[in-house]
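Student: Can we go through how the helices and strands pack in this one? Put the model up first.

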Amino acid sequence: MLGTTMDFPLTLQHVFERGTQLFPNREIVTGGLGPRHRYTYREMGQRVHRLASAFQRLGLQPGERVATFGWNHYRHLEMYFAIPMQGAVLHTLNIRLFHDQLTYIVNHAADRFIVVDRSLLPVLQKLAPTFDTVEKLIVVDDGADCEVGDALDYEELLASGAEHFDFPRLDENTAAMMCYTSGTTDNPKGVAYSHRALTLHSFGASLADSLGVSQRDTVLAVVPMFHANAWGLPYASTLVGAKQVFPGNSMAAERVLELMQDEGVTLGAGVPTIWIGALPLLQAGKYDLSTVTRIACGGSAAPRGLIDAYDKLGLNIVHAWGMTEMSPLGSVSVPLVELDAADPAVRLDFKACQGMAVPGVEARVLDGDGQQVAWDGQTMGELIVRGPWVTATYYNDDRSAASFTSDGWFRTGDIVVMHPNGFIEIADRTKDVIKSGGEWISSVALENALMAHPKVQEAAVIGVPDERWSERPMACVVPRPEFKGTVTEEELSTFLAQQFAKWWLPEHYLFLVELPKTSVGKFDKKAMRAQYAQVSI
Ligand code: AMP
């Protein structure tokens, strides 16, 4: 074999070293409800060394899992590096999951420690007896007034570490992080990201024809660090030396806009709900966002009208699509040079598409027989993908096989059309999961609960468009004959509220005589959406 290039491992250590060595004075700022915190990459680097050493002294072994249960802040960033770089695995827990799902996930991942924001501690204290493997809770003090009990304090732990930690040279395929998907009635599925995947993903996010993260940027990730790695932005930003801004424990539109204005943010990133909430404030001229060059928006479809409204304010929304299983970046709606001369309406159409596969990611669209469909902007099919940051399996899960084609492509479950220019446009999902504010709501779970009500004969729940949250659940209910005309929305809502978080509760109720069914007797949700989605608006 010819001698070629060096066998240089693509690990987070390179990402960390580059950022802290070349950009020691760049700032990392954390907002939130308390006072704003700021420090430099240099200080972040020093604390990452101490933290890694402290965890080693606590007995953390390579390969073991440390979970986090927290908002976006600088200490979360420290853990993003300290834990994977010592060969252990950082497991970000989604703070919005149901309690029994959290128990399942913590036990399935066999987490040894959980680092939790103090304001979120009561949830975990309640669940602690259901965790099989957790030895200690470690508390990040965010100023909340909660009893800490016998949990360790993050700052005390960090202070117990040595000034310098010798990070091992890791194999680039070592697991660095893990994250669980959610939203189905089934148990969540875990995905583990390798160092190589996260490093290449950082390159991918930094390309000009992607999110173009650079050392000139000030990046605000409103997208949570507990869901799909905050779109990989903390790593990409560190790799290139961007100033980083975190919203802390408040994602309220006013706070986010205040941070963007005060810190001179150039790149903001968040789900459509955030930008929908911010729009009236921006239209009222309350904030000066003249430093912003682009706003990455994804997680659920960014409405065309939203993109248009931001355009009119001189703010450029860049639509992106991704999945937990893809670390998560899959495609970005880039301004194609061929479209420069196109009609503004056509340009907007493409801006509202989910865009082109990011370099590194390959995309195909298959019909029901597994054949590739034409790239004609009309033929629908399931999007399949492969690439160095696409998961190869679900962690320790015998449901994995169903999500991959026989030749190893990942089946996204998204139904799309592919335009002749390679732009992906999402048309629907194979599953009927409802996306509300970037989080998933299981329609089946709500239906099952509703059908358990003594006055309900049948119920189906579908997602209907919502300006603020993208989608909200609508319940289509057939009452038992004896309760026809007497069962009320209020009583069903009160009934569901005993089992579900408030944001899961259906926004609309429709009382019907019967529900449309498919040939095999299943609820025909496609037909329901077509028939009833407009009723709610
Ligand atoms: P999650 O893994 O929770 O981030 O969810 C991934 C799913 O969210 C994808 O499979 C899509 O169904 C949906 N999704 C993500 N981004 C977009 C987008 N820009 N437009 C439409 N759907 C999206």
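Tutor: One definition before we start: contact here means heavy atoms within 4.5 Å. Also, this is a predicted model.

Student: OK. Which residues in α11 meet which in α12?

Tutor: From α11 they are R304, I307, D308 and D311, and they meet A345, L348, D349 and K351 of α12.

Student: How do the residues of that contact divide into nonpolar, polar and charged?

Tutor: Three are nonpolar, none is polar and five are charged.

Student: And at what angle do α11 and α12 pack?

Tutor: About 120°, with the axes 9 Å apart; α11 covers residues 304-312 and α12 covers residues 344-351. The two helices are therefore oblique to each other.

Student: Is the crossing of α11 and α12 left-handed or right-handed?

Tutor: Right-handed.

Student: Switching to the sheet. What is the strand order?

Tutor: The order is β2-β1-β11-β10-β12-β13-β14-β15-β16, an open sheet of nine strands with mixed pairing.

Student: Which are the edge strands?

Tutor: β2 (37-40) and β16 (356-357), each of which pairs on one side only.

Student: What about β13 and β14, how many bridges join them?

Tutor: Four, between β13 (residues 294-298) and β14 (residues 317-322), and these strands run parallel. One of the residues with a bridge partner in β14 is G298, which is matched with A320.

Student: Which strands does α8 touch?

Tutor: Helix α8 (residues 233-240) packs on the sheet and touches β10 (218-221), β11 (243-246) and β12 (267-270). The direction of α8 makes about 155° with that of β11.

Notes:
Residues numbered from 1 in each chain as written. Predicted model: local features only at pLDDT ≥ 70, side-chain atom pairs only at ≥ 80, totals over all residues. Heavy atoms only, no water. Axes fitted to C-alpha atoms, helices over the stretch in contact; angles between N-to-C directions. Parallel < 35°, antiparallel > 145°, perpendicular 65-115°, else oblique. Left-handed = near helix turned anticlockwise from the far one by under 90°. Nonpolar A, V, L, I, M, F, W, Y, C, P; charged D, E, K, R; others polar. Pairing = 2+ DSSP bridges.
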